[in-house]
Amino acid sequence: MKIAAIIPAAGIGMRMESSTPKQFVKVAGRSVLVRTLQKFISCQLIHTIHVVLRKDEIESFKKEIEDLKIQKPIQFVEGGETRQESVYRGFKAVEPDTNVVVIHDGVRPFVEVEMIKAIVQTAAKKGSAITVLSCFDTVKEIHQDLVVKTLPREKIVMVQTPQAFKYEILKESFERAEIEGFQGTDESSLVERLGFPVTVLLGSERNIKITKPTDLPLAELYAQDIKFLRDNTKVFF
Ligand code: C5P
């Protein structure tokens, strides 16, 4: 089975209130993106990695990882205006004889290798798989400053990456989204709209998306890998 990974990291990070995009911010001495990349390098199932970056950041990132002596093929792809466009560009660089494609945000460095394996294996069996967390807060739909209604939270999950798909399913989903002008905030939304079943796996509360300045102290803590901080969300599934 041939598996490719796409790591989108071409965002400009407006929410970070910093001139350094979030994927290049250092956490315990190593950049967020290097940390994310290392997880995919150490996952034996992954054959090739496609890192999507802004054009002017490709050379400096290549320099940053020079010393790591990476054995796996890594390809750098220029990103687009939206996350979807960036991932699609990464996808176009994936070899067509690939069986499963796994996509993971460059700004989620605390994904576990076991989780990458599980999502790939589930997609290989079922076609599509995503990682999710239960929702413990009450969730409401609003319009401007007024509540429209309360949503049933037991039916709601919060979606993370990694997400994995059989190559052919993802190809058709990207092509149809492009023709029909559909923009989604994750790849699963492109796949669901065509009626393909998407299997959910329990993700991890540690797998945070580093997007705001307040995420950084938590990231520093997680980078120390303190065992007692491991999440216990499994009891809720
Ligand atoms: O914007 P969002 O929080 O959804 O970003 C998730 C991931 O997608 C980040 O790693 C970000 O760098 C990446 N991204 C991208 N190209 C864009 C926008 C976001 O690769 N145009």
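**Close-up views of a predicted model**

**Figure 1. Histidine 50 sits in strand β4.** The model here, like that in every panel, is predicted. Is histidine 50 buried or exposed? Its relative accessibility is 4%, under the 20% cut-off, so histidine 50 counts as buried. Look next for the partner of its side chain: histidine 50 and glutamine 75 are joined, side chain to side chain, by a polar contact of 2.8 Å.

**Figure 2. A shell of 16 residues surrounds the ligand.** Pro8, Ala10, Gly11, Ser86 and Lys209 are the closest of them. Sort the shell by residue type and you get four nonpolar, six polar and six charged residues. Which side chain puts an N or O atom 3.1 Å from an oxygen atom of the ligand? That one belongs to lysine 209. Two glycines come in through their backbones instead. Glycine 80 has a backbone N or O atom 3.0 Å from a nitrogen atom of the ligand, while glycine 106 has one 3.2 Å from a ligand oxygen. How much of the ligand's accessible area does the protein cover? On its own the ligand has 460 Å² of accessible area, and the protein covers 87% of that.

**Figure 3. The largest nonpolar core brings together 27 residues.** In soluble globular proteins, nonpolar side chains have a tendency to be buried together. Here, the residues with the most contacts inside the core are Leu33, Phe40, Ile46, Ile49, Leu53, Phe61 and Val102. Which elements feed it with at least two residues each? On the strand side there are β1 (3–8), β4 (48–53) and β6 (100–103); on the helix side, α1 (32–41), α2 (58–65) and α4 (113–126). Helix α4 is the one that gives the most, with five residues.

**Figure 4. Helix α1 is largely enclosed by the rest of the structure.** Why say so? Because seven of its ten residues are buried. If you want to pick them out, they are Val32, Leu33, Val34, Arg35, Thr36, Leu37 and Phe40. Leucine 33, placed in this helix, has a relative accessible area of 1% and so is buried. For a sense of distance, compare its place in the chain with its place in space: leucine 33 and tyrosine 222 are 189 residues apart in sequence, and their C-alpha atoms are 15 Å apart.

**Figure 5. Threonine 131 and proline 162 meet through a side chain and a backbone oxygen.** Threonine 131 belongs to strand β7 (residues 128–134), and with a relative accessible area of 0% it is buried. A polar atom of its side chain lies 3.0 Å from the backbone oxygen of proline 162. Proline 162 has its place in strand β10 (residues 157–166). Check the peptide bond leading into this proline as well: from threonine 161 to proline 162 the bond is cis, with omega near 15°.

**Figure 6. Alanine 28 and glutamine 144 both have positive phi values.** Neither residue is glycine. For alanine 28, phi is near 45°; you'll find this residue in the loop between β2 (26–27) and β3 (30–31). For glutamine 144, phi is near 50°, and the loop in question runs between β8 (139–143) and β9 (146–151). How exposed is each one? Alanine 28 has a relative accessible area of 43%, which means partly exposed; glutamine 144 has 67%, which means exposed.

**Figure 7. Threonine 211 is a buried loop residue.** Its loop lies between β11 (199–202) and α7 (215–223), and its relative accessibility is 9%. Along the chain, threonine 211 and aspartate 145 are 66 residues apart; C-alpha to C-alpha, they are separated by 25 Å.

**Figure 8. Cysteines 43 and 135 are buried.** Relative accessibility is 1% for cysteine 43 and 11% for cysteine 135. With both under 20%, each one counts as buried. How many disulfides does the structure hold? Zero. As a reminder, a disulfide is a covalent bond between the sulfur atoms of two cysteines.

Methods:
Residues are numbered from 1 along each chain as its sequence is written. This is a predicted model: local features need pLDDT of at least 70, side-chain atom pairs count only at pLDDT 80 or more; totals for chains, interfaces and linings use all residues. Side-chain values use heavy atoms; hydrogens and water are left out. A residue is near a molecule or strand if one of its heavy atoms lies within 4 Å of it. A polar contact is a pair of N or O atoms within 3.5 Å; within protein, one must be able to donate a hydrogen and the other to accept it, and residues adjacent in sequence count only if both atoms are side-chain atoms. Accessible areas come from the Shrake-Rupley method with a 1.4 Å probe; for residues, only the protein chains shown count as cover. Ala, Val, Leu, Ile, Met, Phe, Trp, Tyr, Cys and Pro count as nonpolar, Asp, Glu, Lys and Arg as charged, and the others, Gly among them, as polar. A disulfide is a pair of cysteine sulfur atoms within 2.5 Å. Buried means under 20% relative accessible area, exposed over 50%, partly exposed in between (1.4 Å probe, protein chains only). A nonpolar core is a set of buried Ala, Val, Leu, Ile, Met, Phe, Trp, Tyr and Cys residues joined through side-chain atoms within 4.5 Å. Helices (H or I, at least four residues) and strands (E, at least two) are DSSP runs, numbered from the N terminus.
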